[in-house]
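Reader: Please take a close look at a single part of this model for me. I would like to know how it is built and what it is tied to.

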Amino acid sequence: MRVTAWQVARDADVSQSAVSRAFAGRSGVSEETRGRIFAAAERLGYRPNALARGLSTQKSGIVGVVISQMSNPFLSDALERLSHRLRAAGLKPFLITVDNEHEVGAALPALAEYRVDGCFVISPHLPRNLALKYGTSDATVLLFNSTLPGLKASTVYTDNVSGGRTVADLLADEGHHRIGYLHGARGSATDGDRFDGFSARLAERGIDPPAVGWGDNSYTGAASALIDLMARSPDLTAIFCANDVMAMGAMDAARYQLGLKIPGQLSIVGFDDAPPAAWPGYDLTTIHQPVEEMIELGAEIMLAEGRDPGRLPTSKVFKGKLIVRGSSLTARQPATGS
């Protein structure tokens, strides 16, 4: 049987309200009485009900975390870092996983029923219409690795347009003229920004628009999409993928199903710099996102909004960094200079 606050009060010879005040850290309880209450709780094995305490304090100490694509190593790494950071601040993460980005809009209102103090959304490819569906909510929402104009939420994200332009310059400088792009999910704001920056910069460099495929933000989806794309456009010499997990699927399909040499016959570039991107088997050229700094700032923003509910949403954009590895020709070219 679960030990109740009433049993602790009886054992410590105090009122039940005194037990509640002691565990909530509120005034009105002497140190001697507080010590007696905690000793009784320890003897009986009492653990306070956080949800019940939240009803009186209006703070549950719980932060909702909505994440899609748990199989994406970049996002799972971000989730682990966030969980550590929240626990260090005395908060409890409440995880909700969704199968795809379009379910995020349903998860946000559901979290409000649990009286969470705030909500992190870890999904890089949110549907653009989410702002229309959820833009009037009063809940404290923070978007990690994405931004949506019109959504009442703080954001920490990488400049996706700039990252796409950087990849376009890399491939143009390598001498590629027939280039492909593997999208993640249709209607994704983040994916759209990466593609817009990429295709616009290719046009500025006098290169034809990229041939496109759809990889469903997954390893297997990208592998199938790469095979289909190369069948339609066999003259492609470079592919930019919307994220690293798709780039890894595309690389393996190119090597082991199509027999292509990377980067000799096909250069492949990703986006995120997920931990496996540096593994020797992939050695993937990619855009690095500073996940540790993004998580730290996101947690600080969430805590600040918890202390000041009237605080306006905060937006922080980080600059991605090109990491050149062996999946692109540049890494294989000999160094020049004096």
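Author: Happy to! Let's begin with exposure: a residue is buried under 20% relative accessible area, exposed over 50%, and partly exposed in between, using a 1.4 Å probe and protein chains only. Please keep in mind that this is a predicted model, in which local features need pLDDT of at least 70 and side-chain atom pairs count only at pLDDT 80 or more, while totals for chains, interfaces and linings use all residues. Residues are numbered from 1 along each chain as its sequence is written, and side-chain values use heavy atoms, with hydrogens and water left out.

The part I have picked is helix H9, residues 189-204. Helices (H or I, at least four residues) and strands (E, at least two) are DSSP runs, numbered from the N terminus. The expected span of a helix is 1.5 Å times one less than its number of residues. For the 16 residues of H9 that gives 22 Å, and the end C-alpha atoms are indeed 22 Å apart, so the two agree.

At the N-terminal end, Ser188 acts as a cap, with a side-chain oxygen 3.5 Å from the backbone nitrogen of Thr190. That is a polar contact: a pair of N or O atoms within 3.5 Å, where within protein one must be able to donate a hydrogen and the other to accept it, and residues adjacent in sequence count only if both atoms are side-chain atoms. Just after H9, Gly206 has a positive phi of about 75°.

Now for the packing. The buried residues of H9 include Ala189, Arg194, Phe195, Phe198 and Leu202. Together, the buried residues of this helix pack against H8, E6, E7 and E8; contact here means heavy atoms within 4.5 Å. Phe198 also belongs to the largest nonpolar core, which has 43 residues, and is one of those that touch the most other members, as are Leu182 and Ile268. H9 is among the elements that each supply at least two residues of this core, along with H8, E6 (179-183) and helix H10 (219-232). The largest share, 8 residues, comes from H11. A nonpolar core is a set of buried Ala, Val, Leu, Ile, Met, Phe, Trp, Tyr and Cys residues joined through side-chain atoms within 4.5 Å.

Charges tie H9 and its surroundings together as well. A salt bridge is a side-chain nitrogen of Lys or Arg within 4 Å of a carboxyl oxygen of Asp or Glu, and the structure holds 15 of them. One joins Asp173 and Arg205, at 2.8 Å from N to O. Asp173 lies in helix H8 (residues 160-173) and Arg205 in the loop between H9 and strand E7 (211-214), so this pair links distant parts of the chain, 32 residues apart. Asp173 is exposed at 58% relative accessibility, whereas Arg205 is partly exposed at 32%.

Another salt bridge pairs Asp272 with Arg194, at 3.8 Å from N to O. Here Arg194 sits in H9 and Asp272 in the loop between strand E9 (267-269) and strand E10 (286-288), 78 residues apart. Both ends are out of sight: Asp272 is buried at 2% and Arg194 is buried at 0%. Lastly, salt bridges that share partners join Arg165, Asp169, Asp173, Arg201, Glu204 and Arg205 into one network.
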